[in-house]
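Subject: Structure handover

Hello,

Here is the structure we talked about handing over. Please open it alongside this note.

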Amino acid sequence: MSLNLNQLTGEIPSFVNLTELRTVDLSNNRLTGSINDKFERCSSYLSTIGFAGNQLSGDISTHTFSNCLALQSLDLSNNRFEGNINFISSTTLSWIYLSNCRFSGGIPSVVPSNLVDLDVASNRLTGSLPSWTNRPRIQQLLLSNNLLSGSIPSSIGLLYRMWILDIRGNNISGQIPPEISGMQ
């Protein structure tokens, strides 16, 4: 279901009875409200959710997407979501786009094992850079324009498939670890 690039308003409906649904793209509309109770009985085939560019708000519960067992791609960018991003730890996502919202707190120490792209740029995230030594599939790690601090962990060099690491606009200090040369 692709209803993006329209002038749709109101809240997002529940997707309980759409049992064969594979994609929901409601991006770039004028939708408002929370998404926490919209996927309680998610389609077992749902692999892509796109809600970017709306006016959605509120915290996202760790249970919001826990029943979406086939979910691979989630784009919630350019909304008004708040709270932490711990909900990504309880998913099977490979592509996560959460930029330009109002998320705060730290970057979770546990992320999906098949994570490829993580974009959390331009939020209010704090703490240090993650040390994900067991996530070799990561290709893009976009963490710019947050409130992150500390140094670049040497374990970043173990992410040998990474081709974009963007940490500009934070409070990162210290030396560039030599292990970073192991990245592409």
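Below are the main findings, by topic.

This is a predicted model: local features need pLDDT of at least 70, side-chain atom pairs count only at pLDDT 80 or more, and totals for chains, interfaces and linings use all residues. Residues are numbered from 1 along each chain as its sequence is written, and side-chain values use heavy atoms, with hydrogens and water left out.

**Sheet**

Eight strands make an open sheet. Strands here are DSSP runs of E, at least two residues long, numbered from the N terminus. Their order is β1-β3-β5-β7-β9-β11-β13-β15, with parallel pairing. Two strands pair if DSSP finds at least two bridges between them. β1 (9-11) and β15 (171-172) are the edge strands, each pairing on one side only.

Look at β7 (residues 80-83). β5 (residues 55-58) pairs with β7 in the parallel sense, over two bridges. There, S57 has R80 as its bridge partner. β7 also pairs with β9, again parallel and over two bridges. In that pairing, G83 is matched with F103.

The side chains of β7 alternate. F81 and G83 point to one face and are buried. R80 and E82 point to the other face and are not buried. Buried means under 20% relative accessible area, exposed over 50%, and partly exposed in between (1.4 Å probe, protein chains only).

**Aromatics**

The model has five aromatic pairs. Rings of Phe, Tyr and Trp (its six-membered ring) pair if their centres lie within 6.5 Å; planes under 30 degrees apart count as stacked, over 60 as edge-to-face and the rest as tilted. F81 and F103 are stacked, because their centres are 6.1 Å apart and their planes are at 15°. This pair links distant parts of the chain: F81 is in β7 and F103 in β9, 22 residues apart. Both rings belong to buried residues, F81 and F103. One aromatic cluster takes in F39, F51, F65, F81, F87 and F103.

R22 lies over the face of Y45, 4.6 Å from the ring centre. The rule for that: NZ of Lys or CZ of Arg within 6 Å of the ring centre and within 35 degrees of the ring normal.

**Salt bridges**

There are three salt bridges. Each needs a side-chain nitrogen of Lys or Arg within 4 Å of a carboxyl oxygen of Asp or Glu. K38 meets E11 at 3.9 Å, N to O. K38 sits in the loop between β3 (30-33) and β4 (48-50), and E11 in strand β1, so the pair ties together parts 27 residues apart in sequence. K38 also meets D37, at 3.6 Å. E11, D37 and K38 thus form a network of salt bridges.

Accessibility varies within this network. K38 is buried at 10%, D37 partly exposed at 42%, and E11 exposed at 54%.

D166 and R168 meet at 2.9 Å. D166 is buried at 16%, whereas R168 is exposed at 55%.

**Cysteines and a buried loop residue**

How many disulfides are there? Zero, with a disulfide taken as a pair of cysteine sulfur atoms within 2.5 Å. C42 is buried at 14% relative accessible area, and C68 is buried at 3%.

N114 lies in the loop between β9 and β10 (117-119). N114 is buried, at 17%. Leaving aside neighbours within four places in sequence, N114 contacts Q72, T92, L93, S94 and R137. Contact means heavy atoms within 4.5 Å.

Best regards

Definitions and conventions:
Helices (H or I, at least four residues) and strands (E, at least two) are DSSP runs, numbered from the N terminus.
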